[in-house]
Amino acid sequence: MNKFSLQPFNTFGVDAQCSNLIKIYSEQDIYDTLLTYGDPYKVVGGGSNILLAGDIEATVMLNQIKGIQVIDEDDNHVLVTVGGGENWHNLVMWSISHNLSGLQNLSLIPGSVGAAPIQNIGAYGVEQSSCFHSLRAISLTSGLTKLYYREDCKFGYRDSIFKKLDAGKYIITHVSYMLSKEVNINVSYGAIRNELNNRKIETPTLKQISNVICDIRASKLPDPIVVGNAGSFFKNPIVTIEAYESLLQKYPEIVAFPFGDQMKLSAGWLIDRAGWKGHSQNGAGVYKNHALVLINDGTNSGGDIWQLAMDIQADVLTKYGVEVAPEVNVWG
Ligand code: EPU
């Protein structure tokens, strides 16, 4: 069987082969692929939230369905439907250029629109779920189309039904967002407020917020074009108040945030404090400016990055009794 390299299609830049590689530009291309190639199928968008730990015996569909279309609008809102293969940051830039608010805090997140609902991307106090209206998906088994509204998606912190019950079952062809004509801003995140203060901006425009966020991201997170990575590799663990308080006694400087009636611990802090920041082994590394980000430090093999992730996970569990779970999808 022919093998195709996925190296150009994952932001870690590791080499892994798949059985077939098909570019999808339309829903018709999906039907044709389902009729022509055998299962299993996997879907890749921007490839920015996957770690290919090995080869994959699967037909990989590269979602390239493009387009941003205004579907409806009233005095206060605009409903846009976006192709799943559209670049996320392009959508954010489009919304800002049309003076529509809601997505500006999610500037510069790598990846595609079709992947955004899967892990419910979020940054700087906002998640895509806050503007999400609905999505259209095609079943990889039956070829039938299904519409999901917000409540169907069961969004949580870096979580949705597409990571649980419906994981791997659908290709998301279009996502609709309800954007606001009123300028609604959320600058609750300390780093944004501080940077706006530094720049002496009191009532920021959407563009100014986006610029600040792009600059903060660029200062902390590596550009995948320069250094292979997939953003935060692990999720911030959620623990009970009691567990947090017992950690706090041992580590008074631990970083944590209230999360409902629980606490969200900073995985970056735990990994940093455990001594992993800047560490490198077998071409896989922990980014020097942010311990939550694993980087490709010269390896061709996702297995080396996965090994590092497991070493970190085991060490954090031993040291703090807390499990840091991967945020990225690990295949192969
Ligand atoms: N910290 C350290 N050492 C580190 C990194 C972080 O001590 O090496 C501590 C610092 O106290 C820092 C705090 O952790 O102030 C929080 O760090 P940061 O603001 O970078 O946020 P995060 O919780 O590490 C999350 C998201 C990011 C998102 C930022 C900003 C997750 C898994 N990650 O990171 O999302 O950009 O908040 O909102 O929730 C991504 O998902 O790929 C991603 C980059």
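A polar side-chain atom of Tyr189 sits 2.6 Å from one of the ligand's oxygen atoms. That is a handy place to start with this predicted model, since Tyr189 is also listed with Tyr124, Tyr157, Arg158 and His290 as the residues that come nearest, out of 24 around the ligand. Two further polar pairs turn up. For Lys220, an N or O atom of the side chain is 3.1 Å from a ligand oxygen, and for Glu327 a polar side-chain atom is found at 2.9 Å from an oxygen atom of the ligand. As for cover, the ligand on its own would expose 820 Å², and the protein buries 82% of that.

Which elements give two or more residues to the shell around the ligand? They are β8 (122-123), α5 (206-220), β13 (229-232) and α7 (267-273). Of these, α7 supplies the largest share, with three residues. By residue class, the shell is a mix: ten nonpolar, seven polar and seven charged residues. Seen at the level of domains, domain 2 (68-180) and domain 3 (229-331) each put at least three residues into the shell.

That brings up the domain layout. The assignment splits the chain into domain 1 (4-63), domain 2 (68-180) and domain 3 (229-331). Measuring tape aside, the C-alpha centres of domain 2 and domain 3 are separated by 27 Å. The two do touch: four residues of domain 2 are in contact with seven residues of domain 3.

Two individual residues round out the picture. Asn49 belongs to the loop that runs between β3 (41-44) and β4 (50-52). Is Asn49 buried or exposed? Its relative accessibility is 10%, so Asn49 counts as buried, the cut-off being under 20%. Beyond its neighbours within four places in sequence, Asn49 is in contact with Gln119, Ala230, Glu327, Val328 and Asn329. Glu327 thus appears twice, as a contact of Asn49 and as the owner of a polar side-chain atom 2.9 Å from a ligand oxygen.

The other residue is Ala256, found in strand β15 (residues 256-259). Ala256 has a relative accessible area of 18% and is therefore buried, again because the limit is under 20%. Not counting residues up to four places away in sequence, Ala256 touches Tyr244, Met263, Lys264 and Leu265. Gly302 is another matter: Ala256 and Gly302 are 46 residues apart in sequence, and their C-alpha atoms are 30 Å apart in space.

Conventions: Residues numbered from 1 in each chain as written. Predicted model: local features only at pLDDT ≥ 70, side-chain atom pairs only at ≥ 80, totals over all residues. Heavy atoms only, no water. Near = heavy atom within 4 Å. Polar contact = N/O pair within 3.5 Å; in protein donor to acceptor, adjacent residues only side chain to side chain. Areas by Shrake-Rupley, 256 points an atom, 1.4 Å probe, with all protein chains shown as cover. Helix = DSSP H or I, 4+ residues; strand = E, 2+ residues; numbered from the N terminus. Nonpolar A, V, L, I, M, F, W, Y, C, P; charged D, E, K, R; others polar. Domains from an automatic or database assignment. Buried < 20%, exposed > 50% of the residue type's maximum accessible area, 1.4 Å probe, protein only. Contact = heavy atoms within 4.5 Å.
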